[in-house]
Amino acid sequence: MRHDAIIVGGSFAGLSAAMYIARARRSVCVVDAGAPRNRFAAQSHGFFAQDGSSPRAMLAAARAQVAAYPTVSLVDGEAVAARAQDDGFLVELADGRTLEGARLVLAFGLADELPPLPGLAERWGASVIHCPYCHGFEVADRRLGVLNLSPMSVHQAALIAEWGPTTFYLDGGELDPAAAADLAARGVRIESAKVEALHGEGLGLSAIALADGRSDPLDALFIGPRNHLGSPIAEQLGCDMDQGPLGAIVKTDAWKMTTVPGVYAAGDISRGAHSVTWASADGVTAGVAVHRSLVF
Ligand SMILES: Cc1cc2nc3c(=O)[nH]c(=O)nc-3n(C[C@H](O)[C@H](O)[C@H](O)COP(=O)(O)OP(=O)(O)OC[C@H]3O[C@@H](n4cnc5c(N)ncnc54)[C@H](O)[C@@H]3O)c2cc1C
């Protein structure tokens with residue numbers, strides 16, 4: 001069966017696109033591997049009417065609502081390749097199945113590259129966090145740290161100071177005098193030593209161990225890890241890329257169309273700033289654009 005649209009990635013962006021295409025009574029097939037980027041967090045914050053909800057519960061409700069439309073099919077699986085053919089696109093799944101559609105929406109999200117600091121990965125999304133708008137309120141006025149991972153980390157340290165007393169862990173890196181003066185003016189303490197490990201009960205954090213034998217008490221550590229596209233499919237199709245703040249993103253126009261006609265990109269893979277709200281809005285934009293491209 002040839003669908004009007006195939007969507008690769010059925011999370012906040014992909015399901016939002018599917019909802020709009022389905023409401024326009026067009027056939028849409030969503031293939032999803034079931035690993036949304038915020039799966040490590042117990043609660044999602046900041047989304048209209050869903051503040052504090054579990055990401056899994058939000059997605060389960062969205063899947064059920066989208067699946068209720070008669071022109072929708074949801075496929076559990078991983079798309080491994082896509083190419084243009086016959087005025088449309090062919091998508092291959094890891095299990096050998098193929099899907100055909102007139103339009104393609106890429107919404108497969110980003111993968112974070114966590115630093116190999118002992119004790120960090122298991123606390124990601126709980127006491128090791130990246131977005132103050134998502135999780136800063138819950139740790140406000142506690143003992144906060146920012147780990148130096150890239151030039152962006154200086155900016156992150158300046159921002160996090162808005163939420164509470166902040167230490168910037170340089171981890172043996174360098175800081176130019178102007179940046180150091182700016183952080184000091186914001187009350188940010190700078191720790192130069194290399195960091196060795198994170199400690200705490202369960203998913204919680206209580207201390208950061210330094211390589212020189214000292215240890216700092218700490219309640220939450222902010223990091224800004226680099227990231228990469230969750231799938232090579234955009235490159236396979238020949239989509240142009242832009243450089244985002246922490247990794248490559250797919251270049252799109254205001255209607256979320258990529259540089260390949262008929263291929264749209266929505267959510268984290270198509271923007272520099274990331275949230276459930278922005279991803280959902282991108283999906284809506286792409287869904288409307290796909291429908292209009294089929295009409296006009
Ligand atoms: C720890 C953490 C906490 C966060 N907390 C918040 C928060 O509180 N509030 C907020 O607004 N934002 C939060 N975010 C950001 C939010 O998770 C993202 O902005 C949002 O998930 C992006 O949605 P998306 O649909 O673009 O991609 P994703 O949600 O990452 O979904 C991509 C989907 O595509 C699937 N996929 C990937 N490759 C393939 C493939 N080849 N074939 C089929 N399917 C594929 C994946 O399995 C996944 O289901 C958080 C992020 C992190 C990392």
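This passage describes the ligand site and a three-stranded sheet of a predicted model. Local features were taken at pLDDT of at least 70 and side-chain atom pairs at pLDDT 80 or more, whereas totals for chains, interfaces and linings use all residues. Residues are numbered from 1 along each chain as its sequence is written, and side-chain values use heavy atoms, with hydrogens and water left out.

The ligand is surrounded by 35 residues, of which Ser11, Asp32, Ala35, His45 and Val276 come nearest (a residue is near if one of its heavy atoms lies within 4 Å). By class, this shell holds 14 nonpolar, 16 polar and five charged residues, with Asp, Glu, Lys and Arg counted as charged and Gly among the polar residues. Domain 1 (2-112 + 226-295) and domain 2 (121-222) both contribute to the shell, so the ligand lies between them; the domain bounds come from an automatic or database assignment.

Polar contacts (pairs of N or O atoms within 3.5 Å) involve oxygen atoms of the ligand. A polar side-chain atom of Asp32 lies 2.7 Å from one such atom, and polar backbone atoms of His45 and Gly34 lie at 2.8 Å and 3.2 Å, respectively. Taken alone, the ligand exposes 1,000 Å², of which the protein buries 97% (Shrake-Rupley method, 1.4 Å probe).

An open sheet has the strand order β12-β13-β14 with antiparallel pairing. Strands are DSSP runs (E) of at least two residues, and two strands pair if DSSP finds at least two bridges between them. Strands β12 (195-199) and β14 (215-217) form the edges. Strand β13 (residues 207-210) pairs with β14 over three bridges, and Ala209 stands opposite Ser215 in β14.

Note on methods: Polar contact = N/O pair within 3.5 Å; in protein donor to acceptor, adjacent residues only side chain to side chain. Helix = DSSP H or I, 4+ residues; strand = E, 2+ residues; numbered from the N terminus.
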